[in-house]
Amino acid sequence: MRGARHVLSLLVMLAACLPDPARAQLESAVMPGPVIAGHAKLEGECRNCHVPFDKAAQDRLCLDCHKPVAADVAGATGFHGRLRPQPCRACHTEHKGRSMNIAAFDPEKLDHGRTDFVLRDAHVRVECKACHKPPAKFRAAPGTCASCHAKDDKHKGALGNACADCHTEARWKDVRFDHGRTRFALAGKHVTTACTACHRNPDFKSTPGTCAQCHQKDDRHKGRFGAKCESCHDAQSWKASAFDHDRSTHFALRFKHRTARCEACHTGTLYRDRTDTACVSCHRKDDKHRGNLGPQCGDCHGEADWKRPKFDHAKTRFPLTGKHVDTECKLCHRDVASFRDTPGTCVACHRKADTHKGRYGERCDTCHVDTSWKHIRFAHDRDTKWPLKGAHRTTRCDACHTGVLFRDKASTDCLACHRKDDKHLGQLGPACASCHVESTWKQVAAFDHNRTRFALVGRHAGVECKACHATPAFKDAKTDCLSCHRKDDRHRGGLGADCALCHNARDWRAWDFDHARRTKFVLDGGHARIRCDACHRPGTDPRLPAACGVCHEKDDVHEGRFGRACERCHETTRFDRIRPGMGRGARP
């Protein structure tokens, strides 16, 4: 048997290398038997169902063709989706001949609970063929009640296909229905009313659901209060009215409104013509203000008596305080019909008392109080973002506020007033307070030079300002070293202007340039003792090339024939010394 398997494996490997016609003949020769009629069209190509050397891949190829079964397996639905995982060939064996039924099973032994339709009650006793009718597949059997019980449907399909919502599987005539789950829950006398009194035809959904449709003869309002009878009446007794106007509407009835008849306000159809709750809709003839104060009459008038007003002036835009409390209403409100036209600014009444002649605007209450016009309450430190300090405290208001107070905003930067005192010609910006103090302009506060682009360290900290800043135009001062130390530069500019690369601010003579770490040219041998200006000559680029021939061209006895990389043979201790192993070189 093992030898036969080896032979079969060799044949499969050979087939993979052959052209299609030859491979088909070889596969037919080794095929164990014909496939069923349904798979006959796939028989000519073994790879339709088999993957060489991979049995597990066969199930994937089966499901690629049998997509409904694949969907059941993926979704864990249907008979195949509820089986324990196993290869397809465990139940469906191929190559048994064209007429072989590879999907045969015993219906008597089938567990119907593994399908999408579990059999219960009367369905257990129904014969399989009553639902599973050839030639349709078993999975194609109908799953809805109406598909089998259409002849039993007294509603003629009007209630849809969800028969199980009311009928049970034990017996079709047994009905379980909760009327409370409908749009019309039964309460009061409706519970004992016969079903046929409302449902007069099998189409239950067309049954009327409004009170007026059944109780038209009982409506004493003749339809004028609409069809929502349940707003006032209940199902327990038609004659009793349970409507509470205070609780059920947005308009509670108080005082005289409580004794008024309903028809006095509800003149139209109740739920079609909405009753206006504005006072003027009923009291327009009583409005002495001729509509100028709007429809909210209740803000001043009460429901107990229209002629006795209740008005809280504090709820207006002008609450009465101070001497305004004792002022007569007619002094400000000179026209009863137009209270809203009454001016609300101070100058409207106190223009003659304005000593500023209108230049400080109309907001007199910013400084003055209503207890006494002469009393001032304005505090510049508290009421503005610019507290007055030093000499500013004794300065007159008009010195800074030159325009209209609330229209022309006074600038808070120093230069707005002190431009003529600025010796720096605007170079240092408007933040004069960084150096100057408010007690006197000439007194200068301590200046932190470290907050500039040139921090003072070392000996720079003790140098006088004028040594670098020749004029008050401080920003004109140079920041490069040579601007001040050109006379100290012994290299005469040969090493560039960035003196700080070697020198530091502690002492000009203290320098700490590390040639090996900060350049690509390590000074060793004879180079360690040579002076800087021997290589870095005045007037040349301090960034010298590192090639030996640049400096030792006159020492090159080879006249350039060996290139400029002299260090390959020569040592840096002495140019005429040759590295070991390089042969003897000519002495200069």
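The following dialogue goes through a predicted model and asks what its values support.

Trainee: What makes the protein chain more spread out than a compact globule?

Mentor: Start with the secondary structure, which comes to 21 helices and 0 strands. The radius of gyration is 55 Å, and the globule rule gives 25 Å for 588 residues; 55 Å is well over that, so the chain is more spread out than a compact globule. The C-alpha trace spans about 125 × 125 × 30 Å along its principal axes. Of the 588 residues, 13% count as buried.

Trainee: How do you know that the buried residues of α3 line one face of the helix?

Mentor: Helix α3 covers residues 57-65, and its buried residues are A57, Q58 and L61. Looking down the axis of α3, these residues fall within an arc of 105°, so they line one face of the helix.

Trainee: Why is the contact between D64 and R60 called a salt bridge?

Mentor: The cut-off is a side-chain nitrogen of Lys or Arg within 4 Å of a carboxyl oxygen of Asp or Glu. For D64 and R60 the N to O distance is 4.0 Å, so the pair is counted as a salt bridge. Both residues lie in helix α3, 4 residues apart, about one turn of the helix. D64 is partly exposed at 40% relative accessibility, and R60 is partly exposed at 46%.

Trainee: What makes R139 and D72 a link between distant parts of the chain?

Mentor: The closest N and O atoms of R139 and D72 are 2.8 Å apart, in a salt bridge. R139 is in the loop between α6 and α7, whereas D72 is in helix α4, and the two are 67 residues apart.

Trainee: Why is D72 called buried and R139 partly exposed?

Mentor: Buried means under 20% relative accessible area, and partly exposed runs from there up to 50%. D72 has 8%, so it is buried. R139 has 46%, so it is partly exposed.

Trainee: How many salt bridges are there in the whole structure?

Mentor: A search of the whole structure finds 10. Among them is the pair of D514 and R517, at 3.7 Å from N to O. D514 has a relative accessible area of 31% and is partly exposed. R517 has 63%, and exposed means over 50%, so R517 counts as exposed.

Trainee: How do you know that C198 and C214 do not form a disulfide?

Mentor: A disulfide needs two cysteine sulfur atoms within 2.5 Å. The cysteine sulfur closest to that of C198 is in C214, 4.8 Å away, so it is too far for a bond. C198 is partly exposed, at 36% relative accessibility.

Trainee: What about C481, and how many disulfides does the rule give?

Mentor: The sulfur of C481 has its closest cysteine sulfur in C499, at 4.4 Å, which is too far for a bond. C481 is partly exposed at 23% relative accessibility. The count comes to 0 disulfides.

Trainee: Which residues make the nonpolar surface patch?

Mentor: F117, L119 and V124 make a nonpolar surface patch of about 230 Å². V124 lies in the loop between α5 and α6.

Trainee: What makes the phi values of H95 and D121 worth a remark?

Mentor: Most residues other than glycine have a negative phi, and most peptide bonds are trans. H95 is not a glycine, yet its phi is positive, about 60°. D121 also has a positive phi, near 50°, and is a residue other than glycine. H95 is in the loop between α5 and α6, and D121 lies in the loop between α5 and α6 as well. At 45% relative accessibility, D121 counts as partly exposed.

Trainee: Which omega value goes with the peptide bond from P134 to P135?

Mentor: Omega is near 5°, and the bond is cis. P135 is in the loop between α6 and α7.

Trainee: Where is D507, and why is it called partly exposed?

Mentor: D507 is in the loop between α20 and α21. Its relative accessibility is 22%, and buried means under 20%, so D507 counts as partly exposed. The C-alpha atoms of D507 and H460 are separated by 10.0 Å, and the two residues are 47 residues apart along the chain.

How values were computed
Residues numbered from 1 in each chain as written. Predicted model: local features only at pLDDT ≥ 70, side-chain atom pairs only at ≥ 80, totals over all residues. Heavy atoms only, no water. Buried < 20%, exposed > 50% of the residue type's maximum accessible area, 1.4 Å probe, protein only. Arc of directions from axis to C-beta. Patch = residues over 30% accessible without salt bridge, like charges linked within 9 Å, V, L, I, M, F, W, Y side chains within 5 Å. Areas by Shrake-Rupley, 256 points an atom, 1.4 Å probe, with all protein chains shown as cover. Rg over C-alpha atoms; globule rule 2.2 N^0.38 Å.
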